Amino acid sequence: MKAKNQHGIHSPFVYELYNNVIKDQTPFYVFSDIESIRAKLLLTNMEIEVNDYGAGSQIHSSNKRKVSAIAKNSLKAPKYAQLLFRLVNRFKPQNVLELGTSLGISTLYLAASNTKNVITTVEGCPNVAKVAQINFDKLGCKNIRLVNQQFDAFLPEYLKTVSSLDFVFFDGNHTKEATLRYFNWCVEKANSNSIFVFDDIYWSNGMNEAWQEIKQHPKVTTTIDLFAVGIVFFNPDLSKEHFVLRY
Ligand SMILES: C[S@@+](CC[C@H](N)C(=O)[O-])C[C@H]1O[C@@H](n2cnc3c(N)ncnc32)[C@H](O)[C@@H]1O
């Protein structure tokens, strides 16, 4: 209800980003390749044994799930996955980290916009990760490194190996505590051009509390709340301002 359109944006950076990147509807050719993979997943009745380490298991109960059900309930819709593509296309981050691969649809969007960057994507469930790898191979994406590990085991070790994080998509383990823990680890490696994207910032009270805390962090400057996702910037030339925009 509070969300504004471009007329309420006084920041030139956010105004330009909103009009030319966030709301851009150019259909890049790779979108249809990725969406045809999603369409096949939605028709795949094969069942796989799933270990869900996050808080996202509310919809599913049993450990055996159809690939089609995972594709229907766990993946970012095209509108938001394509926004990830456009953000990477615009800012050209050298390294991209995704926490929560699932079947790999958002990873494909992150990887497709700039084949020169390296995407590291992390998925805890081995069977889900196997399906994701098949999808990466289908599109011949060579710039994706899929890590089958739990975030809490992976992140501290990974962060020792990188000097900075350019782009991070947080899309797994949607609890307040886990989200803030991963943010607080990653923020140590944020540079002035880093962009962090948080999924499902209104999914629960806890996720919303996490989002409010993230906005207050001293390194965070501008944030953009699109309801389904929150985008965080660290550039000190931008004002500390929090935009809620219609998308
Ligand atoms: C919402 S899905 C990711 C969807 C994907 N980003 C997309 O939009 O195409 C979240 C994934 O994170 C994984 N996950 C959740 N918590 C995790 C944890 N603590 N460690 C590793 N993987 C985890 C789940 O197994 C699940 O497959």
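# Around strands 3 and 6

Strand 3 (residues 95-99) and strand 6 (residues 165-170) run parallel and are joined by four bridges. Two strands count as paired here when DSSP finds at least two bridges between them. Helices (H or I, at least four residues) and strands (E, at least two) are DSSP runs, numbered from the N terminus. What you're looking at is a predicted model, in which local features need pLDDT of at least 70 and side-chain atom pairs count only at pLDDT 80 or more, while totals for chains, interfaces and linings use all residues. Residue numbers start from 1 along each chain as its sequence is written.

**The sheet**

- Eight strands make up an open sheet with mixed pairing, in the order 5-4-3-6-7-9-8-10.
- The edges are strand 5 (144-148) and strand 10 (242-244); each has a single partner strand, so one side of each has no neighbour in the sheet.
- From one strand to the next, the twist averages 15°. That angle is taken between axes, which are lines fitted to C-alpha atoms (for helices over the stretch in contact), and it runs from 0 to 180 degrees between N-to-C directions.
- Strand 3 also runs parallel to strand 4 (residues 118-123), with five bridges joining them.
- Leu 99 has Val 122 as its bridge partner in strand 4 and stands opposite Phe 170 in strand 6.
- Val 96 has Phe 167 as its bridge partner in strand 6, and Phe 167 in turn stands opposite Ile 195 in strand 7.
- Strands 6 and 7 pair in the parallel sense, over five bridges.

**Strand 6 and the core**

- A residue is called buried if 20 or more other C-beta atoms lie within 10 Å of its own, exposed if 12 or fewer, and partly exposed in between, with C-beta atoms placed from the backbone.
- By that yardstick six of the six residues of strand 6 are buried, so this strand is largely enclosed by the rest of the structure.
- Strand 3 is mostly covered too, with four of its five residues buried.
- Phe 169 sits in strand 6 and is buried, with 26 other C-beta atoms within 10 Å.
- Phe 169 and Leu 97 are 72 residues apart along the chain, yet their C-alpha atoms are separated by 6.3 Å.
- Leaving aside neighbours within four places in sequence, Phe 169 is in contact with Leu 84, Glu 98, Ser 106, Leu 110 and Val 197. Contact means that the two C-beta atoms, placed from the backbone, lie within 7 Å.
- On the same basis, Val 197 is in contact with Leu 84, Phe 169, Phe 170, Val 229 and Ile 231.
- Leu 84 and Val 197 have the most contacts inside the largest nonpolar core, which has 63 residues. Such a core is a set of buried Ala, Val, Leu, Ile, Met, Phe, Trp, Tyr and Cys residues joined through C-beta atoms within 7 Å.

**Helices 4 and 8**

- Helix 4 (residues 78-91) has 14 residues and reaches 20 Å from its first C-alpha to its last, close to the 20 Å expected at 1.5 Å a residue. The expected span is 1.5 Å times one less than the number of residues.
- Among the buried residues of helix 4 are Leu 83, Leu 84, Phe 85 and Arg 86.
- Cover for the buried residues of helix 4 includes helix 1 (12-22), helix 2 (29-42), strand 3, helix 5, strand 6 and strand 7.
- Helix 8 (residues 176-187) buries Ala 178, Thr 179, Tyr 182 and Phe 183.
- Seen down the axis of helix 8, these buried residues fall within an arc of 130°, so they line one face of the helix. The arc is that of the directions from the helix axis to the C-beta atoms.
- The face of helix 8 turned away from its buried side carries the exposed residues Glu 177 and Asn 184.
- Strand 3, helix 7 (151-161), strand 6, strand 7 (190-199) and helix 9 (205-216) are among what covers the buried residues of helix 8.

**Positive phi spots**

- Most residues other than glycine have a negative phi.
- Ser 102 isn't a glycine, but has a positive phi of about 50°. Ser 102 lies in the loop between strand 3 and helix 5 (105-112), and is buried, with 25 other C-beta atoms within 10 Å.
- Asn 173, in the loop between strand 6 and helix 8, has a positive phi near 55°. Asn 173 is buried as well, with 21 other C-beta atoms within 10 Å.
- Lys 92, just after helix 4, takes a positive phi of about 50°.
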